[in-house]
Amino acid sequence: MASSPVTTCPVAIRIQEDDFDIAREIEVLTGSRTDIGAVVSFSGICRADDDSSKIAALTLEHYPGMAEEEIKRHVDEAVSRWPLNGVTVIHRVGRFMPGQNIVLVLTASQHRRAAFEAAEFLMDYLKTSAPFWKKEESATGTGWVEAQARDDEAAARWTKS
Amino acid sequence: MKVKYFAWVRERVGKAEETIEPPPSVRTVEELIAWLSGQSEAYAYAFEKPKVIRTAIDHAHVKADAAIAGAREIAFFPPMTGG
């Protein structure tokens, strides 16, 4: 009787002020493994304009402890829903200028579909359920970014009926 | 119990965390919000729209009717905007 191949799914979750190097993170994730056929990389970057106003800078605040745990809960769910061979989530905190990296999600799998879907699932939940908050600075002052209904709708797509 | 506040809830309350001792009659998250709102104008302002406020007990999201008995840390914050 053939046994199913043993796959391991290392998970790395980091919240940090420092920037990340996408190429380096992919290398860490895949290393010398030959069972990975697909890596999807999503980067969230600070934009210069938010619909109407010009953004000068963005400050990211988080709830230390809960942020890591909440991301872990969703990574665990992704690992149980898709055949993944590795997941890396890095979320930066601090003050960012337009063009700077904010978040990185890497998902590795044997085939692309699982990697694409899991990356999208993780980003949808990062936006609506991980305890991070953005404050915008613009020419007209500073203000907290309001949650978008479209982000809740995107996350709701993944709810199992 | 320890209470933490984040983002504009923290700014309106005027502190990031504190230790509180609500009376035993305060049993749920929504009762705690109502009790805090009665403590000062700063809390009343922070919790003026209680339906908007999100709550976590011991690092897990909970609903307004969740019991607070046994909670070590309760956090109040606006809807999240990370990612």
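This report walks through the fold of chain A, its nonpolar core, one buried histidine and the contact with chain B in a predicted model.

## The fold of chain A

Let's begin with the overall layout. Chain A contains nine strands and four helices. If you follow the sequence from its start, these elements come in the order β-α-β-β-β-α-β-β-β-α-β-β-α. The radius of gyration of chain A is 17 Å, close to the 15 Å given by the globule rule for 161 residues, so chain A is as compact as a globular protein of that length.

Along the principal axes, the C-alpha trace of chain A spans about 70 × 40 × 30 Å. Of the 161 residues in this chain, 31% are buried. Contacts across the sequence are worth a look too: among those in chain A with a separation of 6 or more, 74% join residues that are 24 or more positions apart.

## The nonpolar core

The largest nonpolar core has 49 residues, and Ala118(A) and Leu122(A) are the ones that touch the most other members. Helix α3 of chain A, covering residues 112-129, gives the most to this core, with nine residues.

Which residues does Ala118(A) touch, leaving aside those up to four places away in sequence? They are Ala78(A), Trp82(A), Leu84(A) and Thr107(A).

## A closer look at His62(A)

Next, find strand β4 of chain A, which runs over residues 53-62; His62(A) belongs to this strand. Is His62(A) buried or exposed? His62(A) has 22 other C-beta atoms within 10 Å, and 20 or more are enough for a residue to be buried, so His62(A) is counted as buried.

Setting aside residues up to four places away in sequence, His62(A) touches Ile15(A), Ala67(A), Val93(A), Pro131(A) and Phe132(A). You can also trace the path from His62(A) to Glu146(A): the two are 84 residues apart in sequence, and their C-alpha atoms are 15 Å apart in space.

## Where chain B meets chain A

Finally, turn to the place where the two chains touch. Here 22 residues of chain A are in contact with 14 residues of chain B. On the chain B side, α1 (7-13) and β5 (73-77) each supply at least two of the residues that touch chain A.

What classes of residue make up that side of chain B? The side of chain B that touches chain A has nine nonpolar and five polar residues, and no charged residues.

How values were computed: Residues numbered from 1 in each chain as written. Chains lettered and ligands numbered in written order. Predicted model: local features only at pLDDT ≥ 70, side-chain atom pairs only at ≥ 80, totals over all residues. Core = buried A, V, L, I, M, F, W, Y, C linked by C-beta atoms within 7 Å. Buried ≥ 20, exposed ≤ 12 C-beta atoms within 10 Å, placed from the backbone. Contact = placed C-beta atoms within 7 Å. Rg over C-alpha atoms; globule rule 2.2 N^0.38 Å. Nonpolar A, V, L, I, M, F, W, Y, C, P; charged D, E, K, R; others polar.
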